[in-house]
Amino acid sequence: MDMHSHVGPEGAGCKISMLWNWYTIDACFLTPDWHITNNGMFAATCVGVILLVMLVELFRRLGKEYDAFVLRQFRRESSSRRCVDDDGGSSSSSSFVVTFRATFLQQLTRSVLHALTFGTAYIVMLLAMYFNGYVIICIFIGAGLGKFFCDWLEVKMDVEARHGGDKGVKGIEEPSVCCG
């Protein structure tokens, strides 16, 4: 069945379709209480969807920034320690492995940021499942604006290493940025 009607708070039926649609007035999203009864409500819904998707991108960025912060913190801490061989002497080797494990609070913060990102993205996915063309377009707009404002590309290159060859040049280190 293409359309399912549900009586909303004002007594009018909600238009819900699992097929592509362009419903505005009487469209409902996620709950019967989110019942669009006029053009202003629909415009507010579109703006809200754009902001919600931008929020997903903000949470993603905060997660990346927090991980980078924790890594910088660890690098500072590990570089300030003196490395000692098993025999008690100073290590002359330039290669050794230091294992870092996030503290409970750091991992909790990382988990909360991930849950916020995942939960918000899931709500966006549920909104997309209404197959409302306007809402889907707003999701795309929000994704573009979120990327533009929350994930400005910044590449750091080691100029010294670059003159000795391209081995030291680093760019984007994530081969796949899909899905978080």
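Threonine 120 sits in helix H2, and it makes a handy place to start a tour of this predicted model. Threonine 120 is buried, because its relative accessible area is 9%, under the 20% cut-off. Its side chain reaches back along the chain to the backbone oxygen of leucine 116, at 2.7 Å. Leaving aside residues up to four places away in sequence, threonine 120 touches Leu52, Leu55, Val56 and Phe59.

**The nonpolar core**

From there we can move to the core. The largest nonpolar core has 17 residues, and those with the most contacts inside it are Phe29, Val49, Val135 and Ile139. Helices H1, H2 and H3 are the elements that give two or more residues to this core, and H1 gives the most, with seven residues. Valine 49 shows how some of these pieces meet: apart from residues up to four places away in sequence, it touches Leu127, Val135, Cys138 and Ile139. In soluble globular proteins, nonpolar side chains tend to be buried together.

**Helix H3 and its start**

Helix H3 covers residues 133-150; its 18 residues should span 26 Å at 1.5 Å a residue, and the end C-alpha atoms are 25 Å apart, which agrees. Among the buried residues of H3 are Val135, Ile136, Cys138 and Ile139, along with Gly142 and Gly146. Which elements do the buried residues of H3 pack against? They pack against strand S3, helix H1 (39-80) and helix H2 (104-128). At the start of H3, a side-chain oxygen of asparagine 132 comes to within 2.9 Å of the backbone nitrogen of tyrosine 134.

Asparagine 132 also brings us to tryptophan 22, which lies in the loop between strand S2 (13-17) and strand S3 (28-29). These two residues are 110 residues apart in sequence, yet their C-alpha atoms are 5.5 Å apart in space. Not counting residues up to four places away in sequence, tryptophan 22 touches Asn132, Gly133, Tyr134 and Ile137. With 43% relative accessibility, tryptophan 22 counts as partly exposed.

**Aromatic pairs**

Tryptophan 22 belongs to a cluster as well: ring pairs link Trp20, Trp22, Phe42 and Tyr134. The model has 10 aromatic pairs. One of them joins phenylalanine 74 and phenylalanine 100 in a tilted arrangement, 4.4 Å centre to centre with 35 degrees between the planes. Phenylalanine 74 is in helix H1 and phenylalanine 100 is in the loop between H1 and H2, so the pair ties together parts that are 26 residues apart in sequence. Phenylalanine 74 counts as buried at 14% relative accessibility, whereas phenylalanine 100 counts as partly exposed at 34%.

**Salt bridges around aspartate 151**

The count of salt bridges comes to seven. Side chains of opposite charge can pair when their charged atoms come close. Here are the partners of aspartate 151 discussed below.

| Partner of aspartate 151 | N to O distance |
|---|---|
| Arginine 61 | 3.6 Å |
| Lysine 64 | 3.6 Å |
| Lysine 147 | 2.6 Å |

Arginine 61 lies in helix H1 and aspartate 151 in the loop between H3 and helix H4 (159-163), 90 residues apart. Lysine 64 is also in helix H1, and 87 residues separate it from aspartate 151. Is aspartate 151 buried or exposed? At 18% relative accessibility, aspartate 151 counts as buried. Its partners arginine 61, at 24%, lysine 64, at 34%, and lysine 147, at 39%, count as partly exposed. Through shared partners, salt bridges join Arg61, Lys64, Glu65, Lys147 and Asp151 into one network.

How values were computed
Residues numbered from 1 in each chain as written. Predicted model: local features only at pLDDT ≥ 70, side-chain atom pairs only at ≥ 80, totals over all residues. Heavy atoms only, no water. Helix = DSSP H or I, 4+ residues; strand = E, 2+ residues; numbered from the N terminus. Buried < 20%, exposed > 50% of the residue type's maximum accessible area, 1.4 Å probe, protein only. Contact = heavy atoms within 4.5 Å. Expected span 1.5 Å × (residues − 1). Polar contact = N/O pair within 3.5 Å; in protein donor to acceptor, adjacent residues only side chain to side chain. Phe/Tyr/Trp six-rings, centres within 6.5 Å; stacked < 30°, edge-to-face > 60°. Core = buried A, V, L, I, M, F, W, Y, C linked by side-chain atoms within 4.5 Å. Salt bridge = Lys/Arg side-chain N within 4 Å of Asp/Glu carboxyl O.
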